[in-house]
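Reader: I'm new to this one and would like to go through it slowly. Could you show it to me before I start asking?

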Amino acid sequence: MPENAIASAHAFLRETFLNPVHDGAYQARYEHTLRVAQVGRQIARAEGLDEEALVIACLLHDVGYVRCRTAEDYDHHGVHCADMAREFLTGIGYDADRTEAICYGILIHTEREEDYPRPPTAMELSVCDADNIDRFDAFRFYLTLKNEAFDTQPPEQTIALCAQRVARYAGYKQLVLGTPTARRLWDECLDMMIGFYRRLQRQMEATLAEVDACR
């Protein structure tokens, strides 16, 4: 087994995603993966989980994107990612039991709970949790706001969108997570977005009220 399996997994990830043949197509995916690994490390340390295994799983959770060709592939990319992770981990002589746990966590991160082949452990569930937390954290929120172009739409449209987002993110509070730490991080992300959209909605409503007051 390699002395630093995390470093080996990161090197494999870099070689796969940042290969010049892809012409930068996976740069954002690579950066997302690093953030997911950081969240996974945080969860593992707080919950007493196998930190090395969870960080490796997070580093490799999307590596199979390079094998995806169809919409079905992308929808269930965990299958391709688990296959590539298993090939890599077997190739470096990684522990068989930890390899199985890593690959299972990767496999199920794109699947519905009712389709899981077996009940997952907290470590295995944490791969999906870490992925979801990054998808709803500050950087992805920034990208969402960048695409909204609030300055180009009337206040009425912004108010309606804000109300929709608040309802949507409040609904996401019902998501079941694998650990209390993931629950806390998830709620922090949702609260950040809900708080922003509520404040923006109030600001736009006040803008319209001021128009009426000035008539």
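Reader: To start somewhere small, does Arg-98 count as buried, partly exposed or exposed, and at what relative accessibility?

Author: Arg-98 counts as partly exposed, at 23% relative accessibility; here buried means under 20% relative accessible area, exposed means over 50%, and partly exposed is in between, with a 1.4 Å probe and protein chains only. Before we go on, please note that this is a predicted model, in which local features need pLDDT of at least 70 and side-chain atom pairs count only at pLDDT 80 or more, while totals for chains, interfaces and linings use all residues. Residues are numbered from 1 along each chain as its sequence is written, and side-chain values use heavy atoms, with hydrogens and water left out.

Reader: Okay, and which residue forms a salt bridge with Arg-98?

Author: That is Asp-50, and the closest N and O atoms of the two are 2.9 Å apart; a salt bridge here is a side-chain nitrogen of Lys or Arg within 4 Å of a carboxyl oxygen of Asp or Glu. The pair links distant parts of the chain, since Asp-50 is in the loop between helix 2 and helix 3 while Arg-98 is in helix 6 (residues 96–108), 48 residues apart. Helices are DSSP runs of H or I with at least four residues, and they are numbered from the N terminus. Asp-50 is also partly exposed, with a relative accessible area of 29%.

Reader: How many salt bridges are there by this rule?

Author: The count comes to 17 salt bridges. One of them is between the side chains of Arg-35 and Asp-134, at 2.6 Å from N to O. Because Arg-35 lies in helix 2 and Asp-134 in helix 7, this pair ties together parts that are 99 residues apart in sequence. Arg-35 is partly exposed, with a relative accessible area of 24%, whereas Asp-134 is buried, with 5%.

Reader: And what about Arg-41 and Glu-51, how do their side chains meet?

Author: They meet in a salt bridge as well, at 2.8 Å from N to O, with Arg-41 in helix 2 and Glu-51 in helix 3 (residues 51–60), 10 residues apart. Arg-41 counts as partly exposed at 27% relative accessibility, and Glu-51 counts as partly exposed at 23%.

Reader: Which residues do salt bridges that share partners join into one network?

Author: That network consists of Arg-86, Glu-100, Arg-118 and Glu-124. Arg-118 also appears in another kind of contact, where its charged end sits over the ring of Tyr-104, 3.8 Å from the ring centre; for this, CZ of Arg or NZ of Lys must be within 6 Å of the ring centre and within 35 degrees of the ring normal. The charged end of Arg-29 likewise sits over the ring of Tyr-65, 4.2 Å from its centre.

Reader: Switching to rings, how many aromatic pairs are there?

Author: There are 12 aromatic pairs, where rings of Phe, Tyr and Trp (its six-membered ring) pair if their centres lie within 6.5 Å, and planes under 30 degrees apart count as stacked, over 60 as edge-to-face and the rest as tilted. Phe-12 and Phe-88 form a stacked pair, 4.6 Å centre to centre with 10° between the planes. Phe-12 lies in helix 1 (residues 5–17) and Phe-88 in helix 5 (residues 77–91), so the pair ties together parts that are 76 residues apart in sequence.

Reader: Are those two rings in residues that count as buried or exposed?

Author: Phe-12 counts as buried at 18% relative accessibility, and Phe-88 counts as buried at 12%. In another pair, Phe-196 and Tyr-197 have ring centres 5.3 Å apart and planes at 75°, so that pair is edge-to-face. Ring pairs link Phe-196 and Tyr-197 into a cluster whose members include Phe-136, Phe-141 and Trp-186.

Reader: Last topic: how much space lies in the largest pocket?

Author: About 640 Å³, where a volume is the space filled by probe spheres set on grid points that are joined across faces, edges and corners. On a 1 Å grid over the protein atoms alone, a pocket is an open set of points where a 1.4 Å probe fits, with protein on both sides within 12 Å along at least five of seven lines, and lining residues have an atom within 4 Å of a point. The largest pocket is lined by 27 residues, of which His-109, Glu-111, Cys-128, Asn-132 and Leu-175 lie nearest its centre. Helix 7 gives the most to this lining, with 6 residues.

Technical notes: Helices (H or I, at least four residues) and strands (E, at least two) are DSSP runs, numbered from the N terminus.
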